[in-house]
Amino acid sequence: MGPNALFSSILSIFFLATVASASTFLSDNIFNKSGVSHGRALVEDDEPLKECIIDFEQQNYTVLTSKCKRPNYSPKMCCEAFKQFACPFAEYINDMTTDCAPAMFYFINLHGHYPQGLFADNCKEGPEGLDCTAIKPVTVKISHSSISHGKRPHKKY
């Protein structure tokens with residue numbers, strides 16, 4: 001194995017490990033209202049976010065809205081339901097250069113009419129965020145048009 005093949009192998013292993021670990025947690029940064037981290041950010045606050053490739057308008061919110069209900073919004077039930085809904089999208093909503101997290105929360109609130117901060121205040125698990133390792137993957141609907149037909153407001157959430 002030559003030096004280029006060895007380097008490529010190591011780089012591939014690193015890339016796969018990064019992708020695999022990125023989808024096993026939901027970062028606490030997704031709860032930031034604007035969708036952009038205000039700490040050490042790679043994206044400046046005035047830079048526009050890239051459009052999300054996930055069509056959150058077309059997702060099924062029943063797993064969330066059927067378990068996380070008024071009047072008392074049980075933190076245990078709501079957080080488990082939130083993870084069941086959001087974990088399959090972890091790779092996308094953890095990307096703070098896109099509007100995936102704000103778009104997801106916009107449609108979650110549109111479908112569930114949840115109080116502001118319900119999930120951010122109640123769903124905390126550890127330093128890496130919410131653990132998604134126990135959530136079974138589901139088929140993710142990806143937008144082919146990047147939702148450019150204007151149905152979602154283009155503002156900071």
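Here is a quick tour of the protein chain shown above, from its overall layout down to a few residues worth finding.

What you're looking at is a predicted model. The protein chain has 157 residues, and 34% of them count as buried. Its secondary structure comes to 6 helices and 2 strands. The stops below are the chain as a whole, one pair of helices, a couple of loops with unusual backbone geometry, and two buried residues with partners far away in sequence.

**The chain as a whole**

- If you walk along the sequence, the elements come in the pattern α-β-α-α-α-α-α-β.
- The accessible surface of the protein chain is about 9,800 Å², and carbon and sulfur atoms account for 57% of that.
- Take the contacts between residues at least 6 apart in sequence: 80% of them join residues at least 24 apart.

**Helices α3 and α5**

- Two packed helices are described by the angle between their axes and the distance between the axes.
- Here, helix α3 covers residues 75-86 and helix α5 covers residues 100-112; their axes come within 13 Å and cross at roughly 125°.
- That angle falls outside 65 to 115 degrees and isn't over 145, so α3 and α5 are oblique to each other.
- As for handedness, the crossing of α3 and α5 is right-handed.
- On the α3 side, the contact is made by F82, F85 and A86, while α5 brings M104, F105 and I108.
- Sort the residues of this contact by type and you get 6 nonpolar, no polar and no charged.

**The loop between α2 and α3**

- Most residues other than glycine have a negative phi, and most peptide bonds are trans.
- With that in mind, have a look at R70 and P71: a cis peptide bond joins them, with omega at about 5°.
- P71 sits in the loop that runs between α2 (62-65) and α3.
- Y73 is also found in the loop between α2 and α3.
- Y73 isn't a glycine, yet its phi is positive, near 40°.
- Is Y73 buried or exposed? Its relative accessibility is 11%, so Y73 counts as buried.

**The loop between α5 and α6**

- Further along, H113 lies in the loop between α5 and α6 (118-122).
- H113 has a positive phi too, about 50°, although it is not a glycine.
- H113 has a relative accessible area of 53%, so this residue is exposed.

**Buried residues and their distant partners**

- M96 can be found in the loop between α4 (90-93) and α5.
- With a relative accessible area of 13%, which is under the 20% cut-off, M96 is buried.
- Along the chain, M96 and S27 are 69 residues apart, but in the model 9.9 Å separates their C-alpha atoms.
- Now move on to strand β2, which spans residues 130-131 and includes L130.
- What is the relative accessibility of L130? The value is 1%, so L130 counts as buried.
- L130 and T24 are 106 residues apart along the chain, with their C-alpha atoms separated by 8.4 Å.

**Where to look in the viewer**

- For helix packing, try F82 of α3 and F105 of α5, which are among the contact residues.
- For backbone geometry, start with the cis bond between R70 and P71, then check the positive phi of Y73 and that of H113.
- For partners far apart along the chain, pick out M96 with S27 and L130 with T24.

Terms used: Residues are numbered from 1 along each chain as its sequence is written. This is a predicted model: local features need pLDDT of at least 70, side-chain atom pairs count only at pLDDT 80 or more; totals for chains, interfaces and linings use all residues. Side-chain values use heavy atoms; hydrogens and water are left out. Axes are lines fitted to C-alpha atoms, for helices over the stretch in contact, and angles run from 0 to 180 degrees between N-to-C directions. Helices (H or I, at least four residues) and strands (E, at least two) are DSSP runs, numbered from the N terminus. Angles under 35 degrees count as roughly parallel, over 145 as roughly antiparallel, 65 to 115 as roughly perpendicular and the rest as oblique. A crossing is left-handed if the near helix is turned anticlockwise from the far one by less than a right angle, and right-handed if clockwise. Contact means heavy atoms within 4.5 Å. Ala, Val, Leu, Ile, Met, Phe, Trp, Tyr, Cys and Pro count as nonpolar, Asp, Glu, Lys and Arg as charged, and the others, Gly among them, as polar. Buried means under 20% relative accessible area, exposed over 50%, partly exposed in between (1.4 Å probe, protein chains only). Accessible areas come from the Shrake-Rupley method with a 1.4 Å probe; for residues, only the protein chains shown count as cover.
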